[in-house]
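Colleague: Could you walk me through how to read a model like this one? I'd like the general idea for each feature and then the case at hand.

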Amino acid sequence: IVGNKAKKLFTLAFIRRDNQVLLGLKKRGFGVGKWNGFGGKLNPNETLIDAAQRELEEECGLRSDHLAKMGVLYFEFEDNPVLMEVHVFQTSDFTGEVKESEEMKPQWYDLRDVPFSRMWPDDVFWWPYLLEERKFTGYFKYKDQETIVDYVIEETAAL
Ligand SMILES: Cc1cc(-c2ccco2)c2oc(N)nc2c1
């Protein structure tokens, strides 16, 4: 399903604490106005973990040496040649103080109150895997930032 489009790597990290998850409200740029995990593009010569750790610290002030790989999500937009390959990480083992950045306004959410209506529409399909610590691989084709026209999600043995 991922054909031969040019793939661009991104990271996405979720911080857990007790029955809460830390989300960030994107203040500008891609996905502005949506709550999401923390992440972004890789710099040249950066590994996925390096990039995930860097973006986490830049966007919310927290650091972790224990980011566990939870899933890979592929996103494409109908009118866009790029295939986004987003590597999803999670940890409850972190240090530092939560701080707002220019990119993100962080806020703790109870897992029973996750604001899915103000997040990317694909999240409802894979968050159950994330919360149950089950590895997943997903593919979502978007028409626009609110409309999914096609998707596949599956549990993945090894990532
Ligand atoms: C199309 C799209 C992109 C991202 C993304 C970009 C960088 C990191 O993640 C998403 O994140 C989530 N939760 N849905 C997403 C959809």
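Modeller: Let's start with strands. Two strands pair if DSSP finds at least two bridges between them; the elements themselves are DSSP runs, helices being H or I with at least four residues and strands E with at least two, numbered from the N terminus. In S8, for instance, Tyr151 is the bridge partner of Phe140.

Colleague: Anything I should know about the model first?

Modeller: It's a predicted model, where local features need pLDDT of at least 70 and side-chain atom pairs count only at pLDDT 80 or more, while totals for chains, interfaces and linings use all residues. Residues are numbered from 1 along each chain as its sequence is written, and side-chain values use heavy atoms, with hydrogens and water left out.

Colleague: Back to the strands, then. In what sense do S7 and S8 pair, and over how many bridges?

Modeller: S7 and S8 (residues 147-155) run antiparallel to each other, with eight bridges. The two form a hairpin that has two residues between its strands.

Colleague: And which residues sit between S1 and S2, or at least how many?

Modeller: Two residues separate S1 and S2 in their hairpin, and Asp18 in that turn has a positive phi of about 55°. The pairing of S1 and S2 is antiparallel over three bridges, with Ile15 standing opposite Leu22 in S2. S1 also pairs with S5, in the parallel sense over 10 bridges. Within that pairing, Phe14 has Gln90 in S5 as its bridge partner.

Colleague: What should I keep in mind about side chains along a strand?

Modeller: In a regular strand they alternate between the two faces of the sheet.

Colleague: Now the packing. What is the general idea behind a nonpolar core?

Modeller: In soluble globular proteins, nonpolar side chains tend to be buried together. The working rule is a set of buried Ala, Val, Leu, Ile, Met, Phe, Trp, Tyr and Cys residues joined through side-chain atoms within 4.5 Å; buried means under 20% relative accessible area, exposed over 50%, and partly exposed in between, using a 1.4 Å probe and protein chains only. Here the largest nonpolar core has 23 residues, and the members touching the most others are Phe14, Leu23, Leu73, Val88, Trp126, Trp127 and Leu130. At least two residues each come from S1, S2 (20-26), S4, S5, H2 and S7 (136-144). S4 supplies the largest share of this core, four residues. There is also a second, separate core of 14 residues, with Ala13, Ala52, Leu62 and Phe89 among them.

Colleague: What is Trp126 in contact with, once its neighbours within four places in sequence are left aside?

Modeller: Contact means heavy atoms within 4.5 Å. On that basis Trp126 meets Leu12, Phe14, Leu73, Val88, Phe136, Phe140 and Ile153, leaving aside neighbours within four places in sequence.

Colleague: Next, pockets. How does one find empty space?

Modeller: Rolling a probe the size of a water molecule over the atoms shows where it is left. On a 1 Å grid over the protein atoms alone, a cavity is a set of points where a 1.4 Å probe fits but cannot get out, whereas a pocket is an open set with protein on both sides within 12 Å along at least five of seven lines, and lining residues have an atom within 4 Å of a point. Grid points are joined across faces, edges and corners, and a volume is the space filled by probe spheres set on the points. In this model the largest pocket holds about 680 Å³. It is lined by 30 residues, those closest to its centre being Phe10, Phe30, Asn36, Gly40 and Met84. Two or more lining residues come from each of S1 (6-17), H1 (48-60), S4 (68-77), S5 (82-91) and H2 (123-131). S1 gives the largest share of that lining, four residues.

Colleague: Buried or exposed: how do I read Ser101?

Modeller: Ser101 sits in the loop between S5 and S6, yet at 11% relative accessible area it is buried. Not counting residues up to four places away in sequence, Ser101 touches Lys27, Glu58 and Glu59. Compare Phe116, in the loop between S6 (104-110) and H2: its relative accessible area is 30%, which makes Phe116 partly exposed.

Colleague: Which residue other than glycine has a phi near 60°?

Modeller: Glu133 does. Glu133 belongs to the loop between H2 and S7 and is exposed, at 51% relative accessible area. Asn45, not a glycine either, has a positive phi of about 65°. Asn45 lies in the loop between S3 (35-36) and H1 and, with 83% relative accessibility, counts as exposed.
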